[in-house]
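Welcome! Take a moment to look over the sequence and the model, and then we can walk through them together.

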Amino acid sequence: MSGIIFFKTKNLRLIKDFYIERIGMELWLEQADCIILKHGNLLLGFCQREELDTQGIITFVYENTDQVYNMYKKFRVEAMAEPVVNEKYNIYHFFAKDPEGRLVEFQNFLQQVNL
């Protein structure tokens, strides 16, 4: 079973470029006014609309802390702070915002998980 999380966007081209070029997602499906992007087992859909959705957190999970830190280096300007260990959830992570203000998290689970 799989699923897709959809967001409304006011600027589909900008969002497409951000998630593909900056984050490294793949274009999974392109429709009339919507795109669906893939990163591992995460599917995100963005549809051109007059309003936008910015609620929630889009989290990208990486296999190790080095990968998270490499993403931080790419997003140093947009990052809200440097990556840190969150002991409560046993993760290493940081937050940034996409061009429309959605909160984006880059994280690594510090315990063994099957990705």
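**Two buried rings and what surrounds them**

Let us begin inside the chain, with two phenylalanines: Phe-18 and Phe-75 are both buried. Keep in mind as you look that this is a predicted model.

To see where these rings sit, it helps to have the overall plan. The chain has two helices and eight strands. Following the sequence from its start, you meet them in the order β-α-β-β-β-β-α-β-β-β. The chain is as compact as a globular protein of its length, because its radius of gyration of 14 Å is close to the 13 Å that the globule rule gives for 115 residues. If you turn the model along its principal axes, the C-alpha trace spans about 40 × 35 × 25 Å.

How much of the chain is buried? Of the 115 residues, 37% are buried. Contacts tell a related story: among those with a separation of 6 or more, 51% are between residues 24 or more positions apart. On the outside, the accessible surface comes to about 7,200 Å², and carbon and sulfur atoms hold 49% of that surface. The chain also carries 13 positive and 16 negative charges, and the mean positions of these two groups are 2 Å apart.

Now back to the rings. The count of aromatic pairs in this chain comes to 11. One of them joins our two opening residues: Phe-18 and Phe-75 meet edge-to-face, at 5.7 Å centre to centre and with 70° between the planes. This pair links distant parts of the chain, with Phe-18 in helix H1 (residues 12–23) and Phe-75 in the loop between helix H2 (65–74) and strand S6 (84–86), 57 residues apart.

A second pair to find is Tyr-62 with Phe-106, and this one is stacked, with 6.4 Å centre to centre and 25° between the planes. It too links distant parts of the chain: Tyr-62 belongs to the loop between strand S5 (57–61) and H2, while Phe-106 belongs to strand S8 (residues 103–109), 44 residues apart. Both Tyr-62 and Phe-106 are buried.

Which residues do the ring pairs link into a cluster? The members are Phe-7, Phe-18, Tyr-19, Phe-46, Phe-60, Tyr-62, Tyr-69, Tyr-72, Phe-75, Phe-94 and Phe-106. Both of the pairs we have just visited have their residues in this cluster.

Let us next return to helix H1, where Arg-22 has its place. Is Arg-22 buried, partly exposed or exposed? Its relative accessibility is 27%, so Arg-22 counts as partly exposed. Leaving aside neighbours within four places in sequence, Arg-22 is in contact with Asp-17, Met-71, Lys-74, Phe-75 and Glu-78. You will recognise Phe-75 from the edge-to-face pair. As for Lys-74, it is 52 residues from Arg-22 in sequence, yet the two are 7.7 Å apart in space, C-alpha to C-alpha.

Our last stop is Val-84, which lies in strand S6. Val-84 counts as partly exposed because its relative accessibility is 44%. Beyond neighbours within four places in sequence, Val-84 is in contact with Ile-91, Tyr-92 and His-93. For another view across the model, look from Val-84 to Asp-53: these residues are 31 positions apart along the chain, and 27 Å separates their C-alpha atoms.

Key: Residues numbered from 1 in each chain as written. Predicted model: local features only at pLDDT ≥ 70, side-chain atom pairs only at ≥ 80, totals over all residues. Heavy atoms only, no water. Helix = DSSP H or I, 4+ residues; strand = E, 2+ residues; numbered from the N terminus. Rg over C-alpha atoms; globule rule 2.2 N^0.38 Å. Buried < 20%, exposed > 50% of the residue type's maximum accessible area, 1.4 Å probe, protein only. Contact = heavy atoms within 4.5 Å. Areas by Shrake-Rupley, 256 points an atom, 1.4 Å probe, with all protein chains shown as cover. Lys, Arg positive; Asp, Glu negative; His and termini not counted. Charge placed at Lys NZ, Arg CZ, Asp CG, Glu CD. Phe/Tyr/Trp six-rings, centres within 6.5 Å; stacked < 30°, edge-to-face > 60°.
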